[in-house]
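Subject: Structure handover

Hello,

I am passing this structure on to you, with notes on what turned up in it. Please have it open while you read.

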Amino acid sequence: MKLLIICFLFCFVSCFSWPSIQSELKTYIVHVESPQSRISTQLLADQDVESWYRYFLPNTVASTSSNDQQVPRLVYSYRNVMKGFAARLSAEEVKEMERKPGFIDAWPERILSLHTTHSPSFLGLQQNVGLWRDSNYGKGVIVGVLDSGIFPDHPSFSDEGMPPPPAKWKGKCESNFTTKCNNKLIGARSYIKDNRSPIDEDGHGTHTASTAAGGFVRGANVYGNANGTAVGVAPLAHLAIYKVCDSFGCSDSDVLAAMDEAIDDGVDILSLSLGGFTSPFHNDPIALGAYSATERGILVSCSAGNSGPYNSSVANEAPWILTVGASTLDRKFKATVQLGNKQEIEGESAFHPKELNSTFFPLYEPGKNEREFTEGSYCQDGLEYTSNGGKIVLCQVGGGIKRVGKGQVIKNSGGVGMIVINEEEDGFTTSADAHVLPALDVTYANGMKILAYMNSTKEPVARITFQGTIIGDKNAPTVASFSSRGPSTASPGILKPDIIGPGVNILAAWPTSMENNAYTKSTFNIISGTSMSCPHLSGIATLLKSAHPTWSPAAIKSAIMTTADTVNLANNPILDERLLSANIFAVGAGHVNPSRANDPGLIYDTPFKSYLPYLCGLNFTNRQVQNLLQRKVNCSEVKSIPEAQLNYPSFSITLGANSQMYTRTVTNVGEAKSTYSVEMVSPPGVSVIVNPSTLKFSKLNQKLTYRVTFSRKASSSTSGVVQGFLKWTSNRYSVRIPIAVVLV
């Protein structure tokens, strides 16, 4: 029965049509009587069943309205899941079909999960409804991706159904890349000195670009895992690629040059899944470039960094940047280690063998052997592993070699399997990598259980089995262990990261086949990082830009932040990698909810002119501020403001004995006549007074200002970080901003 359900879901999802080429024809699911009830023969050949289905179809050939391309009527013939078929039909043709004997029912294609890049589905993006419909899938918006280049022949970057780029586009494809560009991939430049080709030789850039704006690709999978239809967040947006990274990293001069040209090219969104350590904004090339881009109306989305779970590790934290942390999906790629004592240890892996092997193999820990180098426990390349042959080898994560690379070392030395043990601080975050041999990733706690078993017997053995894709983790989303945390070092008065989004075990396009399949260009990989969460938010910002073309970057950011989810699928507070309640410096405003962001009710727009008094308030010198503003500045003539006075959709303050008062201004983008009442959940030990407590709007785009006063309660002996929130609620909307307070 489970197999039937899986087959049904796969067939159903695979029916999705490219949205832009649909005319009056839709894909209908048609339920008919069994042919056996109409024909005396009990056993029918496939062609007989299909002939029976074709009996219901119109005799004419279907074509699209855009180019009169002929397409087959019959999309699928169902054999097991139901008696019926999927076909391209008009409503009138369905009515005609209803008159035929044997007809039972017909309905337009329903919206089910896209079962590979599962993240759009997890984010609530569904075909032909909601934000995808309202934004026309990001149509007309240009996303600039600064990364390691792109693999242009991948089907994710096909321009089927894509319109030409907007007239404002002034970018180009490098001379050696011109034939590779199309209406999807409208620009490609390389800034690598020794390699002027935008071709992606790493895979990272192809992955991030397809996550943000890749098209629909059926049959996407890695080793058969997550099989279904892959799609980016904004599938009808245009892509402009700026190759700034190679195997040696990303030069900040290259990054600045690319951002400079991207601004002139006419991009609407810039997506940067890269960065360094925190530094003052006037010294930070990404902050510098992003400031100029934001001034031109371009939203800049950046990864928060992979230095978690440590405090104050967040990067790309300027207030004019959308700073994105990483979280999990409700999807797992389950693998299991069965030990010789019958104990079973769960982990994750994207590997899936072609043939099942139930054999138990010896377990081996190379770092334990005195004859090996001490680095042996990391399974590093270049070391002699003479004892690995025919064994499942335990490898510690880290040591300067990636998980898949460790597997290659083990395979080359004759090992038959690998268990990667995470660090203790990784908690319950595990990685599902496309390994080159049977392997899985386990938590530190589970790794210690395996080591304890090995120490309990002279001949430890184990076998690895693979259960594949499992949907339904109610703890999702949880914050990934690697996701960098606040508070911001460069500007502690601005809460960072702003938002979290899917960044763990994300499937997206890849230049090469992980299974060494040379007969397909439809190649994908599963990787993790805030590099993966960033393009998700870049894609969501693209959809919002398409749906609300007049919104500023700050308005789009506000819509994303004030509508974020703060609970998981089980309706409990979002958890961190320890499965404890995540603190505010891990989640920021919460987990992105694209559908709610499309209709936020109120927005906190940050006037660009307010960045000058904010920067002067950071005690930057005139020259340092000039570096950012690119004009003469005299801060002594500017009425500077504290960081928390910036009209930002969050609060982050340090509070002592003296009370502090700040204002916020909200703009009505919901209902013209509306009344909002305040709801306060004050941080423990803090008194928060909001005045006025009611906001009454009489028209759209009206702005109203309120004051917030923070005071430490006399009875409070608490110190450290406390958190709460402020929420404006109307009959229709709920507009929430988080509050972080450091009590001193």
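Let me start with a helix. In α12, the buried residues are P553, A554, A555, I556, K557, S558, A559, I560, M561 and T562. That makes α12 a mostly covered element, with 10 of its 10 residues buried. Please keep in mind that this is a predicted model.

The helix also takes part in enclosing a cavity. The structure has 3 cavities of 30 Å³ or more, and the largest of these holds about 70 Å³ of space. Rolling a probe the size of a water molecule over the atoms is what shows where empty space is left.

Which residues line the largest cavity? From the 200s and 300s in the numbering come T294, I298, L299, V300, P319, W320, I321 and L322, and further along the chain come P553, A554, K557 and Y611. Two elements, β15 (299-303) and α12 (553-562), each give two or more residues to this lining. The largest share comes from α12, which supplies 3 residues. An α-helix has 3.6 residues a turn, so residues three or four places apart point the same way.

Next, a sheet. It is open and built from 5 strands, in the order β28-β35-β34-β30-β32, with mixed pairing. At its edges are β28 (651-655) and β32 (694-697), each of which pairs on one side only. From one strand to the next, the twist averages 20°.

Within this sheet, how do β30 and β34 run relative to each other, parallel or antiparallel? Strand β30 (residues 674-681) and strand β34 (residues 720-729) are antiparallel, and 5 bridges join them. If you want a place to look, S677 stands opposite T729 in β34.

The last item is a single residue, Q660, which is found in strand β29 (residues 660-668). Is Q660 buried or exposed? Its relative accessibility is 17%, and the cut-off for buried is under 20%, so Q660 counts as buried. A polar atom of the Q660 side chain lies 2.7 Å from the backbone oxygen of T654. Leaving aside residues up to four places away in sequence, Q660 touches I653, T654, L655, V708, T709 and F710. T654 therefore appears twice in the notes on this buried residue: as a contact of Q660 and through its backbone oxygen.

Regards

Note on methods:
Residues are numbered from 1 along each chain as its sequence is written. This is a predicted model: local features need pLDDT of at least 70, side-chain atom pairs count only at pLDDT 80 or more; totals for chains, interfaces and linings use all residues. Side-chain values use heavy atoms; hydrogens and water are left out. Two strands pair if DSSP finds at least two bridges between them. Helices (H or I, at least four residues) and strands (E, at least two) are DSSP runs, numbered from the N terminus. Axes are lines fitted to C-alpha atoms, for helices over the stretch in contact, and angles run from 0 to 180 degrees between N-to-C directions. Buried means under 20% relative accessible area, exposed over 50%, partly exposed in between (1.4 Å probe, protein chains only). A polar contact is a pair of N or O atoms within 3.5 Å; within protein, one must be able to donate a hydrogen and the other to accept it, and residues adjacent in sequence count only if both atoms are side-chain atoms. Contact means heavy atoms within 4.5 Å. On a 1 Å grid over the protein atoms alone, a cavity is a set of points where a 1.4 Å probe fits but cannot get out, and a pocket is an open set with protein on both sides within 12 Å along at least five of seven lines; lining residues have an atom within 4 Å of a point. Grid points are joined across faces, edges and corners, and a volume is the space filled by probe spheres set on the points.
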